[in-house]
Amino acid sequence: MKPQSITSLPPSPDQERRARMLRYTIAMTIRVACIFAMLFVQGWWLAVFAAGAIFLPYVAVVLANAQGSGRAGQVAAPDRQLPAAPTAPDSPASSEAPGEPEPGEAR
């Protein structure tokens, strides 16, 4: 089993929120650029920039609400990362419950 590393942990809620806000801001900046571009273009470019201005808010919200980088599902519980306690190899009774008779032994 691979030991837990600090680099394999998901980002903190503040870091995740900051990254989502950045993605949203970039998408909305592109939308504003599309709106301004609509003032200066003609023909099919007008339709392209209009589609960008109309559909980018939906895309921005979907991207902003997307869950992290996908690493969150890879984090294992710390108690599962600890190795099992070793048992003494010279003590045969260490693997049995106390008070249990040996196999083939009468109770």
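Q: How do you know that the distance between the end C-alpha atoms of helix H1 agrees with its 26 residues?
A: In this predicted model, helix H1 covers residues 13-38, and at 1.5 Å a residue these should span 38 Å. The end C-alpha atoms are 38 Å apart, which agrees with that expectation.

Q: Which residues of H1 are buried, and what covers them?
A: The buried residues of H1 are Ala-27, Met-28, Cys-34 and Ala-37. Their cover includes helix H2, residues 44-65.

Q: Why is the aromatic pair of Trp-44 and Trp-45 called stacked?
A: The structure holds two aromatic pairs. In the one formed by Trp-44 and Trp-45, the centres are 4.5 Å apart and the planes meet at 25°. Rings pair if their centres lie within 6.5 Å, and planes under 30 degrees apart count as stacked, so Trp-44 and Trp-45 satisfy both conditions. Ring pairs also link Trp-44 and Trp-45 with Phe-49 into a cluster.

Q: Why is Trp-44 called exposed, and Trp-45 partly exposed?
A: Exposed means over 50% relative accessible area, and buried means under 20%. Trp-44 has 58%, so Trp-44 is exposed. Trp-45 has 42%, which lies in between, and therefore counts as partly exposed.

Q: What makes Phe-40 count as exposed, and where does Phe-40 lie?
A: The relative accessibility of Phe-40 is 71%, which is over the 50% limit, so Phe-40 counts as exposed. Phe-40 lies in the loop between H1 and H2. Together with Val-32, Phe-36 and Leu-39, Phe-40 makes a nonpolar surface patch of about 490 Å².

Key. Residues numbered from 1 in each chain as written. Predicted model: local features only at pLDDT ≥ 70, side-chain atom pairs only at ≥ 80, totals over all residues. Heavy atoms only, no water. Phe/Tyr/Trp six-rings, centres within 6.5 Å; stacked < 30°, edge-to-face > 60°. Buried < 20%, exposed > 50% of the residue type's maximum accessible area, 1.4 Å probe, protein only. Helix = DSSP H or I, 4+ residues; strand = E, 2+ residues; numbered from the N terminus. Expected span 1.5 Å × (residues − 1). Contact = heavy atoms within 4.5 Å. Patch = residues over 30% accessible without salt bridge, like charges linked within 9 Å, V, L, I, M, F, W, Y side chains within 5 Å. Areas by Shrake-Rupley, 256 points an atom, 1.4 Å probe, with all protein chains shown as cover. Salt bridge = Lys/Arg side-chain N within 4 Å of Asp/Glu carboxyl O.
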